[in-house]
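Work through these exercises with the coordinates open. Each task is followed by a stepwise solution.

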Amino acid sequence: MKKTDLQRTLSDLVSINSVNPAYAAGQNEERIQHYVNTFFKEQGLEAFTQQVEPHRENVIARLRGRDGSRPIIFEAHCDTAGVEGMEAPFTPTIRDGRMYGRGTCDTKACLAAMMWAIADLKRSGKRPNYDVWVVSAVDEEHTCRGVLKLRENLQAGAAVVGEPTQLRMVVASKGCLRARIVIQGKAAHSSRPELGVNAITQMARLLKEMEIENERLVSRKHWLVGSPTLNIGLIEGGTQVNVVPATCTIAFDRRLIPGEDPDVVESEYNELLERFQAANPELKAEMEKPMLKDWPLETPLSSSIVRCVGEILQASGLNPEPCGVPFGSDASKLAQVNIDAIVLGPGSIDAAHSADEYVELDQLEQVFEVYRKIMIEFE
């Protein structure tokens, strides 16, 4: 493989609009998955698809190894965040050793490197210890339906999930509980507020209770990802200024550390609401079904994939020490079905979703070599 081949494939991927259909300017992943599938077939690889929804399919390439009982999975998502604020999001531009464009680091660079790593291994004639799968997954940027479909009945030895980690090996990440809380009060004319129950005022009191809970989170710490966090990201209430608001709604984002269970955290917030309502019987407070519930990731340092990747990173002159990140990925979903997973890729999460998203081209080349070595050496 030539260096220009890898850059050209990344450029091609970036030029295809694959903004998640949940966002403005989005569309299904059909076009980009056609490109990926065609690439695999042109490289002589076995390729197949998994339907997730109509016109939304995971694309999977498989290279047979000596043992097909527990394949090693290389997974990167092909959908991207939105493009608001970007002038030319689908026109990849190279300058100062970087490629700019939507999806460059999140995660089309990972995908391009995985595609060429399995293709180059196929060309070499070398047979890996285990079957190697490269998966281009849909819908990571919204509800992760691609990886949820992938993991159905999946038996695998390990997984390498592509996300921008600056070529660090991530073994721990935070989980997430994301939900809405609604307070129902009673409307009244603003000249007679005593006849109503102001839902906004009551929500302000609830937020103080939630802030007290938030302060307690600081005392909990994980050695790699730090403390849990709570963010109130949205608030909405009232209809007009001269009406006592009958409803007020917030949306919150609670990040979990390894060892926390999102089901337990959800129960804790429901208990808080029950106490709040008992103290304020004139209103109704309830939490809706969570919009997102994701478990934290914590892969054992003793696992085969952690040991293998650490040795390869060290031999490649890269930092071999495991690390943690605050953001989530498809890795936690694979870990939930007992697949040891690590996260590894080029670029920085700070550039992901930004108007100036980019990936360093030297890291793109390095991660190609690392992925290829993992495919060969994992055992």
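**Exercise 1. Cysteines**

How many disulfides does a search of the whole structure find?

Solution.
- Start with the source: this is a predicted model.
- Run the search over the whole structure: the count is 0 disulfides.
- Check Cys105: the nearest cysteine sulfur belongs to Cys110 and is 8.3 Å away.
- Apply the cut-off: a disulfide needs two cysteine sulfur atoms within 2.5 Å. Cys105 is therefore in no disulfide.
- Check Cys110 the other way round: its nearest cysteine sulfur is that of Cys105, at 8.3 Å, and Cys110 is in no disulfide.
- Add the accessibility: Cys105 counts as buried because its relative accessibility is 0%. Cys110 counts as buried because its value is also 0%.

**Exercise 2. Strand β2 and its partners**

Find the strands that pair with β2, and state in which sense they pair.

Solution.
- Locate the strand: β2 covers residues 56–63.
- Take β1, residues 46–53: β1 and β2 pair in the antiparallel sense over 7 bridges.
- Pick one bridge of β2: Arg56 is the partner of Glu53.
- Inspect the connection: β1 and β2 form a hairpin with 2 residues between them. His55 in this turn has a positive phi of about 65°.
- Take β6, residues 130–137: β2 and β6 pair in the antiparallel sense over 5 bridges.
- Pick a bridge here too: the partner of Ala61 in β6 is Val134.

Why is β2 described as largely enclosed by the rest of the structure?

Solution.
- Count burial: 7 of the 8 residues of β2 are buried.
- Conclude: β2 is largely enclosed because of that count.

**Exercise 3. Helix α7**

Compare the span of α7 with the expected value, then list what covers its buried residues.

Solution.
- Locate the helix: α7 runs over residues 304–315 and has 12 residues.
- Take the span: the distance from the first C-alpha to the last is 17 Å.
- Compare: this is close to the 16 Å expected at 1.5 Å a residue.
- List burial: Ile305, Val306, Cys308, Val309, Gly310, Ile312 and Leu313 are the buried residues of α7.
- Recall the geometry: an α-helix has 3.6 residues a turn, so residues three or four places apart point the same way.
- Find the cover: it includes the strands β3 (67–77), β7 (158–161), β8 (170–173) and β18 (341–343). Helix α9 (361–377) is also part of the cover.
- Look just past the end: Gly317, just after α7, takes a positive phi of about 80°.

**Exercise 4. Aromatic rings**

How many aromatic pairs does a search of the whole structure find?

Solution.
- Count: the search finds 7 aromatic pairs.
- Classify Phe39 and Phe40: their centres are 6.0 Å apart with 70° between the planes, and the pair is edge-to-face. Both Phe39 and Phe40 are buried.
- Classify Tyr130 and Phe378: the centres are 6.0 Å apart and the planes are at 55°, so this pair is tilted.
- Place this pair in the chain: Tyr130 lies in strand β6 and Phe378 in the segment after α9, 248 residues apart. The pair links distant parts of the chain. Both Tyr130 and Phe378 are buried.
- Extend to clusters: Phe39, Phe40 and Trp116 form one aromatic cluster.

**Exercise 5. Charges over rings**

Which rings have the charged ends of Arg95 and Arg98 over them?

Solution.
- Take Arg95: its charged end sits over the ring of Tyr100, 3.9 Å from the ring centre.
- Take Arg98: its charged end sits over the ring of Tyr358, 4.0 Å from the ring centre.

Methods
Residues are numbered from 1 along each chain as its sequence is written. This is a predicted model: local features need pLDDT of at least 70, side-chain atom pairs count only at pLDDT 80 or more; totals for chains, interfaces and linings use all residues. Side-chain values use heavy atoms; hydrogens and water are left out. Buried means under 20% relative accessible area, exposed over 50%, partly exposed in between (1.4 Å probe, protein chains only). Helices (H or I, at least four residues) and strands (E, at least two) are DSSP runs, numbered from the N terminus. Two strands pair if DSSP finds at least two bridges between them. The expected span of a helix is 1.5 Å times one less than its number of residues. Contact means heavy atoms within 4.5 Å. Rings of Phe, Tyr and Trp (its six-membered ring) pair if their centres lie within 6.5 Å; planes under 30 degrees apart count as stacked, over 60 as edge-to-face and the rest as tilted. A charge sits over a ring if NZ of Lys or CZ of Arg is within 6 Å of the ring centre and within 35 degrees of the ring normal.
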